[in-house]
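This report gives a short account of one structure for a reader who is new to the subject. Please look at the sequence and the three-dimensional view before reading on.

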Amino acid sequence: MSTDTRITIDGEPVDAAVGTSLTAVFVAGRRWRLRDNPVSGEPRGPFCGMGVCFECEVTVDGRPGVRACLTRVLPGMTVETGPRR
Amino acid sequence: MSALTADVVVIGAGVLGGAAAFHLARGGHRVIVLERGAPGREGSGTTAGNLHVQAVHTRRPGQEIPLDSARFLPLQRAASDRWNSVEAELETSVELRRSGGFTIAETPEQRAELIAKHAWEERAGIETEVLDGDGARAALPQLGPTVTAATWCPLDGYANPLLTTPAYLAAAARHGARLYPFCPVRAVERSGSGWRVTTGELTVEAPHVVDVAGPWLGEIAALAGIGLRMTPVAIQMHVTVRLPETLRHLVQHIGEGLSVKQVTAGNLLIGGGWPALRLDPDGRSPVSLSSVLGNVAQAARVLPFVRDLRLLRTWAGPLAATPDEMPVIGEVPGAPGFLIAGGTYAFTFAPLWGETLRCLVEGKPTPVDVHDLGPDRLMEPAEPATPIEQAR
Amino acid sequence: MTVSCDVLIVGGGPAGLSAAAGLAAAGLTVTLVDEQPELGGQYYRRPSPATLREHGDHRPEGGRLIAHVRNLGVDCRTGHLVWGMEDDGRTLLATGADGTPIRLRGRYVIVATGAYERTHPFPGWQLPGVTTPGFAQHLAAADGTPVGDRVLVAGSGPFLLPVACSLLDAGAHVVGIAEAGHPYRPDLRAVPTLRHPARLRELAGYAARLARARVPLWQGRVVTHAAGQDRVSSVTLAATDDPARPLRTLDVDALCVGYGFRPQTDLARLLGCEISSDAVTGDAEPVTDVFGRTSRPGVYVVGEAAGIGGVHQARTRGSMAAAHILVRERNSSAPGPREIARLAAKGRALTRFTALSDALYPSPARLQEALVGSLNDDTIVCRCEAVTAGAVRSAAVERAGGDLNATKSWSRAGMGPCQGRFCGFAIAGLVRGASDPGGAPCGVPVFPARQPVRPVPVETLLALGDQADLAGEGAG
């Protein structure tokens, strides 16, 4: 897939295509562990891809609790994964 | 249809029913507990489980008559003391925590109320400390700039209501009490010198009936021909997503309905008695958006970090309120052996009222004087009780 | 901000779009709200710009319908989550991606909130790399990204076949398809020869493609275990009727598992629409007539939210609701009795087809009972709160007296951000199995719908409160 922008994921530059689902960028980059479950501490990654399961919540441009599956890549966006509230 | 006999029929398996059954069964009485649904699922399963020891705010939103704090405080003190032995008596943890709590004021009037409250508390032997706004923020940095004064009470705390009622019922069962869930009471009649209580399937004969049916307290009394002016309402709870441990103390408001605490799981529980859209006695009462907005806005003003959280769930649970907001406990005049107990803050009072009900059944002196808390003040002469649907 | 319109439609998939097209063409003002960043719903999900450039549109009819709706002047508000309701029981509340709230008032409300995938818990289902088939489908078709290099597609239902095909197209190696039932006797090559209604031709096309690619198909098999460290690396299959005995273990880097779809009904329930339980699927469904009318006047539920029926059924139902509203409005473009009869007949034919197609696959309710019944106590069933099957069973028996909502309180199962959407039915099955084995399901096995139907930022609530204060001052 051709790319046309560079975004930042956990501080690393990642080439991506504008308008692509953010989860697709994670999957293409083999970044599956997006968060740890707050109870068990187990790794979790995107599951339903349609906004229902809340397993793909990340921080986008400083805004926490954003579901990556409902987010499209915008030029220069900054994304942080990891355990969130 | 099977006929059972018992010494006491307890109607309602909430926290009051559980506590009454436990104390009565432990005292050697044969106890049968009848519950219309699943045990502990109504007010006792929907309460925040706060143990308010320092004076509570005097008005819930929508509450007409303010609480008589001067009378209420000594009771609260006794109720608080009674909690100290609950876990040992029940032989299990109910996650009792004396985390301490702040009651805050924002306006000059509320500040004056705090200082008056502090004087009552001193008289009742409840240890509290008055702090100015900066002192309060030094003690609890999460408090926002609108807080002008606060009282700190180290005894405030909470217990897990989802553990407490089952623990009481289990301990009661160990002492021989029998619980019949999903058995709504259909009739309560005099039978000789005692009472006959009938559900769809069971008939129980007993000299004593303890009506601790929460929002249905008035309906059960009405079955026995007793008219009581109860004012049951449904109140809301609001819970945020989980967050790291942030708030170690209970926070409540002196002048408005607001109480906030962080539960063990990490969620923040925001309540304070905001009314639901309506009380639905046959299902789950629907949540009112205005109450959500009102309660959450208070919380975010008093504790600004709330602003950055997300609201996860809301629910509403019934409250067996009395018109004067004071607890009700005692035998119904003219109906020997028929006792009732209920009212706001039933969770805080449950251990004390459980023991008190046992004393009343046995005709012995009660741990605290409850003569002025009896049902006589709520009685309607001759008229049948208003059905619960129309009580609002 | 308050948006007022003739008809408020929640959900921009095939049903909502069809309703919007019918209503806007007749001159009614229509606001269409959807949580997704673009219209189309799950079925007509739009390809990313890059995919569009390189591979074209996999569902061009969806693109045309969306363009048509936009050209008709429908007020389309994508990226807006509808999460609550005012105390008037009518005004809905939505939040944009930036947290800004809006109030939505329609004289009519059409709920077209679609479906989500039916999943069953099994040990390891919470591992990264285990996804729904729908997620794999979107990744492949809309974003040209395979969910993994070695993928097992599992579950039940016709949807597994197009998902496997999309994975092949995206360059993945599909290690196999595990179907819980026996719909394709004796194997995939048999599908084209079956005498089925015309619509199964589509399925036959997928089957032929998979047979050519020599993708193994295992029928009567279910996933019983997934293992891996930070990501799934192996999957165990067992016979559907004997899930305790492992038959085969496969090395994978992704597992897509789902058992069809279930209606997304929380908004319909929040609006107070009467709900009943479907005997075959076990799902809670709003009670609707052929026009999508519910027990609440002026509130319609259409598409998959009213019961799973596929894209053609969804479009028909959307059009029927639009037709009914136009007739009620005495609109000059309202369809005549003949057109309505034609739509109704089409709807009935599609319902018959759905029943026929469903009959090929195992009954979801029975399958669920079997799979949930065999779960080990240490299996996590509530993903959000990490609650195990054993914890649910013991809460149900020891504390809840077999009551579903009490079990939720005592186990925390269903209390997390997804609010029981993926585990609610399994929890209901566990509660029933533990407290009344063999007993009939009682009532509708779902948790009550309360606002917010999804977590909502406190800032949004504060902004709403401020708006209400301003409105109050203005009125005073």
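The text below begins with chain B, then turns to the core, the contact between chains and some local features.

## Chain B as a whole

The structure is a predicted model. In chain B the mean pLDDT is 91, and 94% of the residues reach 70 or more. One stretch stands apart from this: over residues 387-392 of chain B, pLDDT stays under 50, and the model has 12 contacts beyond four places in sequence for these residues. Where pLDDT is low, the predicted coordinates should not be read in detail.

Chain B contains 10 helices and 20 strands. Its radius of gyration is 21 Å, close to the 21 Å that the globule rule gives for 392 residues, so chain B is as compact as a globular protein of that length. Along the principal axes, the C-alpha atoms of chain B fill a box of roughly 65 × 40 × 40 Å. Of the 392 residues in chain B, 59% are buried. Sequence separation adds to this picture: among contacts in chain B between residues at least 6 apart in sequence, 74% join residues at least 24 apart.

A local example of strand pairing is also found in chain B. Strand S11 (residues 194-199) and strand S12 (residues 202-206) of chain B pair in the antiparallel sense over four bridges. Two residues lie between S11(B) and S12(B), and the two strands form a hairpin. Within this pairing, B:Arg196 stands opposite B:Glu205 in S12(B).

## The nonpolar core

Which residues touch the most other members of the largest nonpolar core? They are B:Val9 and C:Leu255, in a core of 310 residues. Helix H10 (residues 346-362) of chain B gives the most to this core, with nine residues. Leaving aside neighbours within four places in sequence, C:Leu255 is in contact with eight residues named here in order: C:Gly129, C:Val130, C:Leu152, C:Ala154, C:Val223, C:Ala226, C:Val232 and C:Val235.

## Where chain C meets chain B

The contact between these chains involves 28 residues of chain C and 30 residues of chain B. On the side of chain C that touches chain B, strand S4 (81-85), helix H12 (404-411), S22 and helix H14 (458-475) of chain C each supply at least two residues. H14(C) gives the most to this side, with seven residues. By class, the side of chain C that touches chain B has 16 nonpolar, five polar and seven charged residues.

Strand pairing also joins the two chains. Strand S18 (residues 310-319) of chain B and S22(C) pair in the antiparallel sense over two bridges. Here B:Arg310 stands opposite C:Pro457 in S22(C).

## An enclosed helix and a loop in chain C

Is helix H4 (residues 133-143) of chain C largely enclosed or open? A residue counts as buried if 20 or more other C-beta atoms lie within 10 Å of its own. In H4(C), 11 of the 11 residues are buried, so this helix is largely enclosed by the rest of the structure. Among the buried residues are C:Phe135, C:His138 and C:Asp143. H4(C) is followed by C:Gly144, whose phi is positive, near 60°.

C:Val290 is placed in the loop between strand S18 (284-286) and strand S19 (299-301) of chain C. C:Val290 counts as partly exposed because it has 16 C-beta neighbours inside 10 Å. C:Leu343 is 53 residues away along the chain, yet the C-alpha atoms of C:Val290 and C:Leu343 are separated by 9.5 Å. Leaving aside neighbours within four places in sequence, C:Val290 is in contact with C:Met320, C:Ala344 and C:Gly347.

## Less common backbone geometry

Most residues other than glycine have a negative phi, and most peptide bonds are trans. The table lists two aspartates of chain A with a positive phi.

| Residue | Phi | Loop in chain A |
|---|---|---|
| A:Asp10 | near 50° | between strand S1 (5-9) and strand S2 (12-16) |
| A:Asp61 | about 50° | between strand S5 (57-60) and strand S6 (63-67) |

A:Asp10 is partly exposed, because 13 other C-beta atoms lie within 10 Å. A:Asp61 counts as exposed, because it has 12 C-beta neighbours inside 10 Å.

In chain C, the peptide bond from C:Gln451 to C:Pro452 is cis, with omega near -5°. C:Pro452 is found in the loop between helix H13 (424-435) and strand S22 (456-457) of chain C.

Methods:
Residues are numbered from 1 along each chain as its sequence is written. Chains are lettered from A and ligands numbered from 1 in the order in which they are written. This is a predicted model: local features need pLDDT of at least 70, side-chain atom pairs count only at pLDDT 80 or more; totals for chains, interfaces and linings use all residues. pLDDT is the predictor's confidence in each residue, from 0 to 100. Two residues are in contact if their C-beta atoms, placed from the backbone, lie within 7 Å. A nonpolar core is a set of buried Ala, Val, Leu, Ile, Met, Phe, Trp, Tyr and Cys residues joined through C-beta atoms within 7 Å. Ala, Val, Leu, Ile, Met, Phe, Trp, Tyr, Cys and Pro count as nonpolar, Asp, Glu, Lys and Arg as charged, and the others, Gly among them, as polar. Two strands pair if DSSP finds at least two bridges between them. The radius of gyration is taken over C-alpha atoms; the globule rule is 2.2 Å times the number of residues to the power 0.38.
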